[in-house]
Amino acid sequence: MASEENLAPEEKSADSGISMVDVLEEEKQLEDDANAVLGDSDDKNCTYPRGYLQRQALYACQTCRPQCEQPAGICLACSYECHEGHDLIELYTKRSFCCDCGNSKFPNLKCKLSPVKDAVNSKNRYNQNFHGVYCTCARPYPDPDDDVEDEMIQCVVCEDWYHGRHLGMADLPSHSNFEEMICRLCMEKHGFLWAYHVSSLGTVVSGGDESANIDVDSCHGQTSDRTNGNMQQCSNSEQALPGESPEKQKPINGSQSSCTEPSTDGSQSSLESSEICRLSELRKREINTEKSGAFWSSGWRKKLCKCGKCMTMYREEGVVFLLEEGDTVHAYEERGKARHNTESQYDQGMRALSSMDRIQQVEVIHGYVDLKSELSSYLQKFAENKKVVREEDIKEFFTEMEARKKRRLGGGIQYNCK
């Protein structure tokens, strides 16, 4: 099947040095970034009546709540309606939070969208991000005094943001190799997590006179071949160690294979019904713990043990949310996509571009360059005045742009040179 690049010619603009595919890919990245922050958030209604939401976009108002005062967070809609023109700190998304706008933390402001609120939201949790600083270095982002290019990564436990260079790791994995990150401090606080981490790869398991390196995840759905990186699916039968046949393989530490995953049909799995503690089995193996953060691949949360003892531990350590699939940022984004149920601008653009001839593509390129230049100039005044860009502002921009276009074309086309 032909790829999208083959379907859509990459017509270059001599003036801009870009192609329409470049434009669409840049737009897709911006759209993905917006979905990550605003995905399932409501921009029209204050979220307070909905209680402590599983996840939502939040902001801290530095105009109403200076850094020296107790922190507070406001929802997306209140950032538009009640705090327009204020100095806002974007907090990305936080879990289990109820909007503070207009409560006792804002004595001089009444929420326009949901005026009746409790004095405080006792279950809200605040960290240093609400004061505009991040990481173990407690610096703002972007940091005017930091010239080092380094991305920020959010810890899924404490939800603070960290510079990659401050995670205690010599090398960071590529984005395609992980879905979530847990910082060094949270890994130390919740040490049981190391038993589930891929860094436990390389555990030595004895079987008679033989030993082999195996992956801790080998009986949780897949096993890793460390030599060539190939992945093999874990079957219901026990996996043979190198040099052994399946019949000769010995159970690890005398235990039975625990390949059973939590049931997806709501019934209790054999793991839970027999109260076999997966964590206890993993801890029988040699586990590598490090003074660093840890990166996690997709689906790692599903492998956490759900026996009674572990459930009690999760509650005591305040990390029960790790068992909730809807807690992840990915789930939040997917809820937003499902709610809006619209085709991405990238897909729309690629389809439209494929139907154009060469001349039309060149015209679109030039039109895009003009639009980008004029829109940047128009939005600059909002940034300078710290004003929120509303829907009517964008409509006004395009109305004026259309009027200017008509004035340019009003004189007709000149066919003869003079």
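**Exercise 1.** Is Cys137 buried, partly exposed or exposed?

*Solution.* Keep in mind that we're working with a predicted model. Start with the number: Cys137 has a relative accessible area of 28%. Now bring in the cut-offs: buried is under 20% and exposed is over 50%, with partly exposed in between. So Cys137 is partly exposed.

**Exercise 2.** Work out whether Cys137 and Cys307 are in disulfides.

*Solution.* Take Cys137 to begin with. Its closest cysteine sulfur belongs to Cys135, at 3.9 Å, which is too far for a bond. Next, Cys307: the nearest cysteine sulfur is that of Cys305, 3.5 Å away, and Cys307 is in no disulfide. The cut-off to hold against these distances is within 2.5 Å. To finish, a search of the whole structure turns up zero disulfides. While you're at Cys307, check its surroundings too: with 3% relative accessibility, Cys307 is buried.

**Exercise 3.** Sketch the open sheet, strand by strand.

*Solution.* Lay out three strands in the order β2-β1-β3, with antiparallel pairing. β2 (74-75) and β3 go on the edges, as each pairs on one side only.

Now add the pairings. β1 (residues 56-61) meets β3 over five bridges, and Gln56 stands opposite Lys94 in β3. With β2, β1 pairs over two bridges; here Tyr59 stands opposite Ile74.

**Exercise 4.** Why is strand β3 described as largely enclosed by the rest of the structure?

*Solution.* Go to residues 88-94, the seven residues of β3. Five of the seven are buried, so the strand is largely enclosed by the rest of the structure.

Terms used:
Residues are numbered from 1 along each chain as its sequence is written. This is a predicted model: local features need pLDDT of at least 70, side-chain atom pairs count only at pLDDT 80 or more; totals for chains, interfaces and linings use all residues. Side-chain values use heavy atoms; hydrogens and water are left out. Buried means under 20% relative accessible area, exposed over 50%, partly exposed in between (1.4 Å probe, protein chains only). Helices (H or I, at least four residues) and strands (E, at least two) are DSSP runs, numbered from the N terminus. Two strands pair if DSSP finds at least two bridges between them.
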